[in-house]
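Dear colleague,

I am handing over the structure below and would be glad if you could look through it with the notes that follow. They deal with the aromatic rings and their surroundings.

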Amino acid sequence: MILSEQEQLRRQKRLDLMALGIDPYPAAEFPVDTLSKQIIDEYSAEKNNFQEVCLAGRLMSFRIMGNASFAELQDAAGRIQLYFRRDDLCPGEDKTLYNTVFKKLLDIGDIIGVKGYVFTTQMGEISVHVREFTVLSKALKPLPIVKEADGQTFDAFSDPEMRYRQRYVDLIVNSQVKDIFIKRAKIISTMRRMFDDRGWLEVETPVLQAIHGGASARPFKTHHNTLDMPLYLRIANELYLKRLIVGGFDGVYEFGKMFRNEGMDRTHNPEFTSLEFYVAYKDYNWMMNLTELIFQTVAEALHSKTAVQVGENTIEFAGPYPRLSISEAIKQYSGVDVDALSEDELRAKCIEFGMEVDEGMGKGKLIDELFGEKVEANLIQPTFITDYPVEMSPLTKKHRSKEGLVERFELFVNGKEIANAYSELNDPIDQKERFEDQLRLAERGDDEAMAMDHDFIRSLEYAMPPTSGIGIGIDRLTMLMTNQSSIQEVLFFPQMRPEVIKEVDSEQDFVDAGVDAIWIPALQKMGILTIEQLKEANPNKVFNDLGGLRKKMKIDEPMPLKEEVQAWIHG
């Protein structure tokens with residue numbers, strides 16, 4: 001492992017702390033009793049409150065000025081200035097704690113605990129006068145230093161791949177990122193409170209399932225060794241939740257992880273969080289009204305208003321929302337009357353629009369593709385799309401008055417689907433026939449078709465009451481409510497390709513190639529990490545760069561001759 005100069009210095013400081021008898025990673029509790037935000041919000045010089053405080057957090061900056069210094073401490077709630085004075089910390093003859101530990105052995109990123117009292121500086125800044133401090137965790141890697149001046153940010157930690165791979169660093173240096181996840185948690189807690197107030201039960205259902213059901217999607221497959229059987233990571237929890245309605249619960253809900261072995265883009269991650277809930281004796285009309293209330297309540301909880309800025313659009317979450325059937329929406333935005341076309345005619349129309357379709361797609365799948373191509377992007381304000389063809393919805397009750405349709409709606413906001421709901425199919429004979437239709441689609445090559453679930457059909461044979469259910473994508477809802485355009489921004493740890501670790505040859509490999517050990521760190525500084533890279537390097541450039549690095553790295557050794565450098569490279 002190649003260590004930077006900073007990393008080497010920090011490791012040495014760790015050893016120096018230990019040599020002074022200071023454990024850089026102590027085990028004992030540190031009795032924090034105050035947060036920075038509490039002090040900033042509540043301190044009053046007139047009241048002279050906060051005269052004994054105990055805080056802990058990460059050092060984010062230093063201003064060392066001889067016998068007195070300032071630092072900035074970041075805790076879970078925010079930042080606050082610290083004031084250190086040598087004679088307060090070290091009232092006796094021994095000034096090691098200030099002169100050595102504080103001034104020389106602490107770095108930005110270290111976590112310390114402090115005890116002291118709050119005051120206001122001559123510049124009017126609320127600060128903590130530190131009477132004593134404790135090293136709680138020594139940072140061995142330097143943080144990216146983000147600078148701000150005149151409202152502008154410099155040297156920001158902004159590379160998306162770095163931010164997603166090292167979310168812990170992202171959260172430390174980009175304070176606005178933490179706010180996204182606080183709001184995400186508030187979205188879930190607000191919804192949970194609504195459901196609990198209605199007497200519904202929060203439940204947990206299996207993540208490993210023998211049958212991938214409840215949605216049309218490609219599953220992840222694994223194998224259980226003891227049972228010697230294939231299992232699937234769930235693509236939905238719907239069928240288990242409806243079994244609980246059969247069992248006698250009037251309302252059940254689950255916030256859970258779903259897994260779909262499909263594409264990744266700005267709105268799709270293979271692992272995502274969904275809310276599903278089911279309520280007995282209700283239908284999809286009732287569910288639309290409740291959905292409006294849920295979204296309005298969440299918006300008010302986060303923003304104290306129902307209008308939310310999403311990109312260039314102001315989204316109004318107060319109901320009622322427009323309601324369009326899927327055929328009406330397609331006709332409005334594409335001019336195509338899907339009800340009047342056969343499957344082959346609809347496929348030809350899709351091809352005419354330049355869409356990629358194949359013979360394995362039934363009419364329902366073609367309608368879904370056409371809707372996505374021509375309609376979705378136009379649905380900016382919250383809009384219910386209703387009354388889907390029966391082929392598209394194998395778990396949905398047939399429409400009470402419209403032949404060939406089902407009682408289903410999807411909610412679209414800002415051009416994306418955010419919720420999907422039904423009047424749930426509870427006729428076991430009809431459900432079995434729908435599953436058989438799905439099997440026929442699978443035989444035609446549709447790898448997203450649902451599998452047959454005999455146990456679920458058996459549960460319906462015991463009678464499930466009329467029920468309405470809904471699934472809401474928590475990740476997409478969070479994107480909307482926090483004005484984020486990428487799903488990766490609302491997931492702590494989004495799925496990514498494996499990190500490419502640079503190959504590094506050992507110091508002995510370089511020595512064997514004729515390189516004096518004193519120059520190896522300089523070569524590594526140039527990005528020459530392997531003998532192969534050394535052999536491909538330009539001798540003149542390496543020689544010239546060594547001259548600059550020798551001074552910069554304070555290498556107290558005469559420069560190698562140009563012939564020596566050429567020998568390293570050409571052997």
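Which residues form one aromatic cluster? In this model, which is predicted, the cluster consists of Phe195, Trp200, Tyr253, Phe255, Phe277 and Trp286.

Beyond that cluster, you may want to look at the aromatic pairs, of which the count comes to 20 when ring centres have to lie within 6.5 Å. One of them joins Phe181 and Phe492, whose ring centres are 3.9 Å apart and whose planes meet at 10°, so this pair counts as stacked, the cut-off being under 30 degrees. The two partners come from distant parts of the chain, 311 residues apart, since Phe181 belongs to helix 7 (residues 175-197), while Phe492 sits in the loop between helix 15 (474-482) and helix 16 (507-512). Phe181 has a relative accessibility of 8% and therefore counts as buried, which requires a value under 20%, whereas Phe492, at 38%, counts as partly exposed.

Another pair is made by Tyr253 and Phe255, with 5.9 Å from centre to centre and 85° between the planes, an arrangement that is edge-to-face. Both Tyr253 and Phe255 are buried, and both belong to the aromatic cluster named above.

Finally, there are charged residues placed over aromatic rings: Arg243 lies over the face of Tyr240, at 4.7 Å from the ring centre, and Lys374 lies over the face of Phe353, at 4.3 Å from the ring centre.

With kind regards

Methods: Residues are numbered from 1 along each chain as its sequence is written. This is a predicted model: local features need pLDDT of at least 70, side-chain atom pairs count only at pLDDT 80 or more; totals for chains, interfaces and linings use all residues. Side-chain values use heavy atoms; hydrogens and water are left out. Rings of Phe, Tyr and Trp (its six-membered ring) pair if their centres lie within 6.5 Å; planes under 30 degrees apart count as stacked, over 60 as edge-to-face and the rest as tilted. Helices (H or I, at least four residues) and strands (E, at least two) are DSSP runs, numbered from the N terminus. Buried means under 20% relative accessible area, exposed over 50%, partly exposed in between (1.4 Å probe, protein chains only). A charge sits over a ring if NZ of Lys or CZ of Arg is within 6 Å of the ring centre and within 35 degrees of the ring normal.
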